[in-house]
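Trainee: Could we go through this model together? I'd like to know what stands behind the words we use for it.

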Amino acid sequence: MAGDADIVLVDGKVFTAVRDRPLAKALAVRGDRLVAVGTSTQVERWAGRGTRRVDLHGRVVVPGFIDAHAHMADSAGERGWIRLDGTRNLDDAVARMRRAATSTPVGGWVVGIDWDEAKWPERRFPTREDIDRVSTDHFVVARRIDCHIGSLNSKALELASDLVGERGFDVDGSGRPTGILKEDAFGAFHRRFETGETGIEAGLPTIARMAHRLGITSIHDIVDRAGWRAYQRARGQPRFGVRVYAMLRDPLMPALIDGGFRTGFGDPWLRLGAIKVFADGSLGAYTAALDAPYAGRPGERGMLVHSPRELRKILEAAHRAGFQTATHAIGDAAIRLVVETLEAVQDSLPRKDPRHRIEHYELPDDEVLRRTKSAGIVASCQPNFVGQWSGPGDVYETRLGAARTVANNPYRTILRRRVPLCFGSDGMPYSPLYGVHWAVNGFFENQRISPEEALRAATAGSARARRHPTKNPHFAHEIRRSSCRAYRTMRGHRFIAVTSRGILPWLV
C-alpha cells in the first residue's frame, strides 16, 4: 500500500474513546499520526516491507492523556523550592525548611510548598511563630497545597506591610499579623518571590519529561505573562514535546483583546486557549463560596472573588471577543453564580458553541446541573481530589460536614445529566491514572464512574474541552514523542504508548 505504516499493533485492546465502539483490535501509525484503527486484518493492510509489526497479545493501548487543568509552567519555575507534601506534622515541615535555610545565603528566600494541615495531627495552618522557627535571617514563606494560603515568617511579613488591609491578610484580635495570607493578599505577595520567565523556560524540559513518564502528551495549562512567554520560546523544541493549550489569567485579557487575539490562535504545539477567571477560593482555605456555612464555623460561607456585576463584565468581555472562558468555581454558591452569568452572557450575545468551562465544579445541585447542560458548559473536574481529601476526617468532611461531602464531586450524576466532562489534575498530583483510579473507586457512589467513562474524560473529554479541537479528538492529535517506561501491570494488562519513536512501554 502506498504510504505504508511505520508501525502496526495487532491483537490487542485499543481504547478508542468512541462511545458506540470503544474498543478495537489494532492500529497503525505513520509518522506522528494514526492512519488506521480497526480489526487486526484491516490494520495489517497498512503493513509494508519496512513496517514494524507488534503483537500485543491482548494488552491494552489507550490515547495519550490530556491534563485539562494543569500548572506545569508554574511547576517549572518551582525548581529548588522545598516540597512539604508527605511531611508527618508541622515540626517535620519546619525542619525540612530549616535544613534548606542552612544552605541559603542570609537574606535570601526559603520557599516551601504543598503543605497540607489536613495530613498533620495539629490540623491547623502554620503561623508566623511557626515559620520563624525556620529562620529569622531569611525571607521564609510556606505555601499550602491549594496555593490559596501562604504562611510567612516575621522577616517576610516586613515585605508584606503594604498589604495590611487587603482581603485575606489575617490579623489576630489585637490587630497583629498572624503571618497567614489568603487569596488577594497572598496572590499579591506571591508575585514578589515567584520565578520569572527565564527560570520557567529552564525548568520546562524537566516538566515535559515528568509529563511523558505519566503518559501526558497534552496539557491545558494556566499561565500568567511569564509562563506564556516561556512557552513561546520553548515551542517546538525537541526536548519539550508536549502540546500546550494555554489558559491565560484574566488580567491579561485587555491586552489580548487590544491585540486582536482570540481563543484558537497558535499552532498544534502552542495554542491560545481559554481566559482563566476566579469566582471563589478553596475549601481548604475556607474561601470557596458556599450557600450554607462551613462545618463548625457558623456564619462563615467563604467569598466571591468578584461581585456578580464584576464577574458579568469579565465573562461578557471575553465572550464578546471570541474567547472561551474557564472559571474557577468550587462552592455551590459560586457555581450557581457562574452558570447564571454565562447563561445571561450567551443569551445577550449568541455565539456558536462558545464551549465555556467551569473549573472544579465540585458542589453542583440538580438545578445547576440541568442549567449547565442547557447552556453547553463543560465541567472541568479533578478526580485526584477525591483520593486526596474525601476520606473520613479529611478536608471535605471537616469543611462541609458529612451530608455535603457525599454530594461533592458527583461525576456519575454529571455524566447521567449529559454535561460534558473533562479531567485534569491541578497538579495535586499530576498523575492521570491516580485520577482515573479515584473516579472509578471514589468513596461515595455518586463519585464513581466506569473505567471507560473515566478514561474518556481524561482523553477525548479533555480534547473536546478545548475550543478548537482537532478533527479526531480521540487519537490523532495525541500520538507524540515520549520516553515512557512501564513499571507495573494493572488488571493483568500491561499498558503501552504508541509514539513516533516506536512502541514504548507506558508508565501506569
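**Talking through the fold**

Mentor: Sure. This is a predicted model, and its secondary structure comes to 18 helices and 23 strands.

Trainee: What makes the protein as compact as a globular protein of that length?

Mentor: Set the value against the rule: 2.2 Å times the number of residues to the power 0.38. For 508 residues the globule rule gives 23 Å, and the radius of gyration is 23 Å, so the protein counts as being as compact as a globular protein of that length. Its C-alpha trace spans about 80 × 55 × 50 Å along the principal axes.

Trainee: How many of the residues are buried?

Mentor: Buried means under 20% relative accessible area, and 58% of the 508 residues are buried. As for the surface, the protein exposes about 20500 Å², with carbon and sulfur atoms supplying 50% of it.

Trainee: And what share of the contacts join residues at least 24 apart?

Mentor: Taking contacts between residues at least 6 apart in sequence, 72% do.

Trainee: Now a sheet. Why are β5 and β6 called edge strands?

Mentor: The order is β5-β4-β1-β6 in an open sheet of 4 strands with mixed pairing. β5 (33-38) and β6 (52-55) each pair on one side only, and these are the edge strands. From one strand to the next, the twist averages 15°.

Trainee: How do you know that β4 and β5 pair?

Mentor: Pairing needs at least two bridges. Strand β4 (residues 26-30) has 5 bridges to β5, so by that cut-off they pair, and they run antiparallel. As one example, A26 has G38 in β5 as its bridge partner.

Conventions
Residues are numbered from 1 along each chain as its sequence is written. This is a predicted model: local features need pLDDT of at least 70, side-chain atom pairs count only at pLDDT 80 or more; totals for chains, interfaces and linings use all residues. Side-chain values use heavy atoms; hydrogens and water are left out. Helices (H or I, at least four residues) and strands (E, at least two) are DSSP runs, numbered from the N terminus. Axes are lines fitted to C-alpha atoms, for helices over the stretch in contact, and angles run from 0 to 180 degrees between N-to-C directions. Buried means under 20% relative accessible area, exposed over 50%, partly exposed in between (1.4 Å probe, protein chains only). Contact means heavy atoms within 4.5 Å. Accessible areas come from the Shrake-Rupley method with a 1.4 Å probe; for residues, only the protein chains shown count as cover.
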